[in-house]
Amino acid sequence: QVQLVESGGGLVQGGGSLRLSCAASGRTFSRTFSDYSMGWFRQAAGKEREFVAAISWSGGNTYYADSVKGRFTITRDNAKNTVYLQMNSLKSEDTAVYYCAAEYRNGNLMSPDRYDYWGQGTQVTVSS
């Protein structure tokens, strides 16, 4: 019922910035975009998918992995059905495919296990 499409990935030099977007569409009779908490995850080559950032369905709470805290910022615009990930001071270790995900209302937003919907991913490559 929910479709997610990421955009904004690309190639950037170390220390640079990128802004990822995730546009959502679809609904049920009782659920809309604003009913979902949203998360960003990433998966580097040869690695498991890991948590990056999340924002509660109310927008009042945000969560970040220690590795990105202070550099990345997650926001949402419910009027546009979109969640964003602003990435600053990028490092080579940030290179990965980035996925957005949606989870109905509350849960453990740092775990991918209970997210209901996933986007196709967008590649972020940080060069030296």
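Here are some notes on the strands, the disulfide, two unusual loop residues and the main pocket of this predicted model.

1. Start with the open sheet. Four strands make it up, in the order 1-3-8-7, and the pairing is antiparallel. Strand 1 (3-7) and strand 7 (72-77) sit at the edges with a single partner strand each, so one side of each has no neighbour in the sheet. From one strand to the next, the twist averages 15°.

2. Inside that sheet, have a look at how strand 3 meets strand 8 (residues 82-87). The two pair in the antiparallel sense over six bridges. If you want a residue pair to find the register by, A23 has T82 in strand 8 as its bridge partner.

3. Now for strand 11 (residues 122-127), which pairs with strand 2 and with strand 9 in opposite senses: parallel with strand 2, antiparallel with strand 9. The pairing with strand 2 (residues 10-13) runs over four bridges, and L11 finds its bridge partner in T125 of strand 11. The pairing with strand 9 (residues 96-104) has three bridges; here A96 is partnered by V124 of strand 11.

4. Which residues of strand 11 are on its covered face, and which on its uncovered one? T122, V124 and V126 make up the covered face, while Q123, T125 and S127 make up the uncovered one. That fits the usual pattern: side chains in a regular strand alternate between the two faces of the sheet. Put next to the pairing, V124, the partner of A96, belongs to the covered face, and T125, the partner of L11, to the uncovered one.

5. There is one disulfide in the structure. C22 and C100 form it, with their sulfur atoms 1.9 Å apart. The link is right-handed, with 50° about the S-S bond. Because C22 belongs to strand 3 and C100 to strand 9, the pair ties together parts that lie 78 residues apart in sequence. Both cysteines are worth checking for exposure too: C22 is buried, and C100 is buried as well.

6. Two loop residues deserve a second look for their backbone. Most residues other than glycine have a negative phi, yet N81 has a positive phi of about 55° without being a glycine. S89 is another such case, not a glycine and with a positive phi of about 50°. Where do they sit? N81 is in the loop between strand 7 and strand 8, and S89 is in the loop between strand 8 and strand 9.

7. Are these two buried, or do they reach the outside? N81 has a relative accessible area of 30%, so it counts as partly exposed. S89, at 41% relative accessibility, is partly exposed as well.

8. Last, the largest pocket. Its volume is about 150 Å³. The lining takes in 13 residues, with G26, R27, T32, F33 and N81 nearest the centre. Strand 3 (18-25) and strand 4 (36-43) are the elements that give two or more residues to this lining. Sorted by class, the lining holds seven nonpolar, five polar and one charged residues. Note that N81, one of the residues nearest the pocket centre, is also the loop residue with the positive phi of about 55°, and strand 3, which contributes to the lining, carries C22 of the disulfide.

How values were computed
Residues are numbered from 1 along each chain as its sequence is written. This is a predicted model: local features need pLDDT of at least 70, side-chain atom pairs count only at pLDDT 80 or more; totals for chains, interfaces and linings use all residues. Side-chain values use heavy atoms; hydrogens and water are left out. On a 1 Å grid over the protein atoms alone, a cavity is a set of points where a 1.4 Å probe fits but cannot get out, and a pocket is an open set with protein on both sides within 12 Å along at least five of seven lines; lining residues have an atom within 4 Å of a point. Grid points are joined across faces, edges and corners, and a volume is the space filled by probe spheres set on the points. Ala, Val, Leu, Ile, Met, Phe, Trp, Tyr, Cys and Pro count as nonpolar, Asp, Glu, Lys and Arg as charged, and the others, Gly among them, as polar. Buried means under 20% relative accessible area, exposed over 50%, partly exposed in between (1.4 Å probe, protein chains only). Two strands pair if DSSP finds at least two bridges between them. Axes are lines fitted to C-alpha atoms, for helices over the stretch in contact, and angles run from 0 to 180 degrees between N-to-C directions. A disulfide is a pair of cysteine sulfur atoms within 2.5 Å.
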